[in-house]
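Colleague: Could you walk me through this model before I start using it? I would like to begin with the overall layout and then go into particular residues.

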Amino acid sequence: RNLVDNKSLARACPATLSMGSTVSMECAAWGTPSAFFQMGWDPTRIEAIMHTIPAPRLYTGEAVRAFLTGGASDGSAFDAASFLGAAQRSWDSIQKLLAA
């Protein structure tokens with residue numbers, strides 16, 4: 001039986017898509033670019049919960065293609081390097097808050 005854990009799978013992917021789950025947050029911490037695929041359904045309810053997550057929102061097929069080929073949904077260049085070290089930057093910020 002072959003088992004693959006989420007982290008190994010996400011790190012092996014060039015990018016991931018979720019429909020608004022914590023997968024995008026996990027991928028950001030692991031250095032894998034991720035976006036919310038919100039095409040063909042009303043994301044209003046999930047956005048009320050997930051609005052602070054800085055994952056791109058993809059509403060069209062063109063936006064999905066752009067994201068998966070290296071561009072952001074707004075047409076700007078996607079910087080995968082910005083995802084690297086996200087967990088450490090978050091932890092550093094929390095430690096500063098706790099020390100204050």
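Modeller: Helices (H or I, at least four residues) and strands (E, at least two) are DSSP runs here, numbered from the N terminus. Residues are numbered from 1 along each chain as its sequence is written, and side-chain values use heavy atoms, with hydrogens and water left out. This is a predicted model, in which local features need pLDDT of at least 70 and side-chain atom pairs count only at pLDDT 80 or more, while totals for chains, interfaces and linings use all residues.

Colleague: Fine. How many helices and strands are in the chain, then?

Modeller: The chain has five helices and three strands, and reading along the sequence gives the pattern α-β-α-β-α-β-α-α.

Colleague: And what share of the residues counts as buried?

Modeller: Of the 100 residues in the chain, 31% count as buried, where buried means under 20% relative accessible area, exposed over 50%, and partly exposed in between (1.4 Å probe, protein chains only).

Colleague: What about contacts between residues at least 24 apart?

Modeller: If one takes the contacts in the chain between residues at least 6 apart in sequence, 28% of them join residues at least 24 apart, with contact meaning heavy atoms within 4.5 Å.

Colleague: Let's go to β2. Is F36 buried or exposed?

Modeller: F36, which lies in strand β2, counts as buried because its relative accessibility is 0%.

Colleague: Which residues does F36 touch?

Modeller: Leaving out residues up to four places away in sequence, F36 touches a list that includes S18, G20, S21 and S24, then E47 and M50, and further along I53, A55, P56, R57 and L58. As for distances, F36 and P54 are 18 residues apart in sequence, and their C-alpha atoms are 9.8 Å apart in space.

Colleague: I53 is in that list. Where does I53 lie?

Modeller: I53 lies in the loop between α3 (44-50) and β3, and it counts as buried because its relative accessibility is 8%. With residues up to four places away in sequence again not counted, I53 touches M25 and F36, and the C-alpha atoms of I53 and A35, 18 residues apart in sequence, are 9.9 Å apart.

Colleague: Back to β2 for a moment: what does the side chain of S34 make a polar contact with?

Modeller: The side chain of S34 makes a polar contact with the side chain of T16, at 2.8 Å. A polar contact is a pair of N or O atoms within 3.5 Å; within protein, one must be able to donate a hydrogen and the other to accept it, and residues adjacent in sequence count only if both atoms are side-chain atoms. S34 itself is placed in strand β2 (residues 34-37), and S34 is buried, with a relative accessible area of 1%.

Colleague: And R57, buried or exposed?

Modeller: R57 counts as buried, at 14% relative accessibility, and it is found in strand β3 (residues 57-58). Its side chain reaches the backbone oxygen of A55 at 2.5 Å.

Colleague: Now the helices. Which residues of α2 are buried?

Modeller: In helix α2 (residues 23-30), the buried residues are S24, C27 and A28. Seen down the axis of α2, these buried residues fall within an arc of 105°, so they line one face of the helix; the arc is that of the directions from the helix axis to the C-beta atoms. After α2 comes G31, whose phi is positive, near 90°.

Colleague: Which ones are buried in α4?

Modeller: A63, V64 and F67 are buried in helix α4 (residues 61-68). They cover an arc of only 100° around the axis, which puts them on the same side of α4. The face turned away from that buried side carries the exposed residues E62 and R65.

Colleague: What do the buried residues of α4 pack against?

Modeller: The buried residues of α4 pack against β1 (16-18), β2 and β3. Just after α4, G70 takes a positive phi of about 105°.

Colleague: Last one: where is W41 placed, and what does it touch?

Modeller: W41 is placed in the loop between β2 and α3, and it is partly exposed, with a relative accessible area of 29%. Not counting residues up to four places away in sequence, W41 touches M19 and I46. The C-alpha atoms of W41 and M19, which are 22 residues apart along the chain, are separated by 9.8 Å.
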